[in-house]
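Colleague: I am new to this model and would like a close look at a single part of it. Please take me through the surroundings of the second ligand, and then through whatever the records and the neighbouring elements add.

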Amino acid sequence: MSEKMVAIMKTKPEYGAELVEVDVPKPGPGEVLIKVLATSICGTDLHIYEWNEWAQSRIKPPQIMGHEVAGEVVEVGPGVEGIEVGDYVSAETHIVCGKCYACKRGQYHVCQNTKIFGVDTDGVFAEYAIIPAQNVWKNPKSIPPEYATLQEPLGNAVDTVLAGPIAGKSVLITGAGPLGLLGIAVAKASGAYPIIVSEPSEFRRNLAKKVGADYVINPFEEDVVKEVMDITDGNGVDVFLEFSGAPKALEQGLQAVTPAGRVSLLGLFPGKVSIDFNNLIIFKALTVYGITGRHLWETWYTVSRLLQSGKLNLDPIITHKYKGFDKFEEAFELMRAGKTGKVVFMLK
Ligand SMILES: NC(=O)C1=CN([C@@H]2O[C@H](COP(=O)(O)OP(=O)(O)OC[C@H]3O[C@@H](n4cnc5c(N)ncnc54)[C@H](O)[C@@H]3O)[C@@H](O)[C@H]2O)C=CC1
Ligand SMILES: CC(=O)[C@H](N)C(=O)O
Ligand SMILES: [Zn+2]
Ligand SMILES: [Zn+2]
């Protein structure tokens, strides 16, 4: 008889999810089985929970949700080398093909055949989970599971913040959701000053201050561009980091960044965005980076070392820590209401 485990499963093509009991899976060739120690909720999980248009087009229930994780390897499938039972691991979520033009050039973060585990496969909101061996990242034991599970979104934040010079640079961050908050932590640890954050939610503006923002602005009540100009002696910021996906924030950031400044765009906009390219990008000679996923594996080394340095102020960002999955519905509803930073389920 096979062993059983509990898992948060998207059982039906509708709003919500269910806590179910299922068989502990067996790792196949090229896979490992991990015991999950900590797993955190990503905005993508929320979209799957809410069953939005994107989720309807991509997810095939029944499927175990979740993709941010820290765990311990308990079984290694046939043909796996270099990973042992007992290894303490996290996981890159993009399963890349290794064969396409991008992969052949080492640009795995833009692999044209990317599959995402927990999105295109069963995920990690479970007591045990399968990880493709090629996606396993080994953690030093010094990083606690509640931080180690954050490495995947931290990788998004690291690629956004560190796409160009940041130490001693003035920075505007638009959006202090979970990813923007991680971005503030990375910018602070990397020596940016001042860090100015634009965020409509008072709860999240307060979190931003706790994480290290030097100034916070409410874009719905204040003039973001004027505030930034006042803080920067009329020069504008050196670096604009977009974490909100709000078209208005994009426009304000492009206005508030200094000519020849740097822009990193991570937030995903709801559709096409209309921008005055001539005046806001071309004549300002801006350098604009689109950010997607994480560089494999360079970003992971950076994230891991930042965590080991102890300089990332993550505690205010982890606003909710649940023991087990029993209260998963409360967790998703709080996240929907914007009343969280990162939410972590602890399983050890
Ligand atoms: N490019 C990539 O690889 C990835 C992109 N993303 C995207 O990154 C963005 C951030 O992710 P989360 O923090 O999870 O999202 P979130 O939706 O929780 O946070 C967005 C924040 O922006 C704030 N906001 C709304 N309008 C604003 C405005 N006009 N000015 C300033 N802030 C405003 C909201 O109040 C919220 O706190 C999302 O758009 C997400 O889809 C997420 C993961 C990977
Ligand atoms: C789709 C996701 O949620 C994932 N975090 C990513 O980086 O692509
Ligand atoms: Zn994610
Ligand atoms: Zn590829």
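The shell around ligand 2

Modeller: The shell around ligand 2 has three nonpolar residues, four polar ones and one charged one (Ala, Val, Leu, Ile, Met, Phe, Trp, Tyr, Cys and Pro count as nonpolar, Asp, Glu, Lys and Arg as charged, and the others, Gly among them, as polar). This is a predicted model, in which local features need pLDDT of at least 70 and side-chain atom pairs count only at pLDDT 80 or more, while totals for chains, interfaces and linings use all residues. Residues are numbered from 1 along each chain as its sequence is written, and chains are lettered from A and ligands numbered from 1 in the order in which they are written.

The residues surrounding ligand 2 are C42, T44, T93, I116, V119, E152, N156 and G293, where near means a C-beta atom, placed from the backbone, within 6 Å. E152 and N156 are among the buried residues of α5. Eleven of the eleven residues of helix α5 (residues 151-161) are buried, so this helix is largely enclosed by the rest of the structure (buried: 20 or more other C-beta atoms within 10 Å; exposed: 12 or fewer; partly exposed: in between; helices are DSSP runs of H or I of at least four residues, strands E runs of at least two).

Turning to the record, the unreviewed UniProt entry lists C97, C100, C103 and C111 under "binding site", although such annotations may be inferred rather than shown by experiment. C97 lies in the loop between β7 (94-95) and α3 (101-104), and C97 counts as partly exposed because it has 14 C-beta neighbours inside 10 Å. C111, in the loop between α3 and β8 (115-116), is buried, because 20 other C-beta atoms lie within 10 Å. Leaving aside neighbours within four places in sequence, C111 is in contact with residues including C97, C100 and C103 (contact: C-beta atoms within 7 Å).

Technical notes
Two residues are in contact if their C-beta atoms, placed from the backbone, lie within 7 Å.
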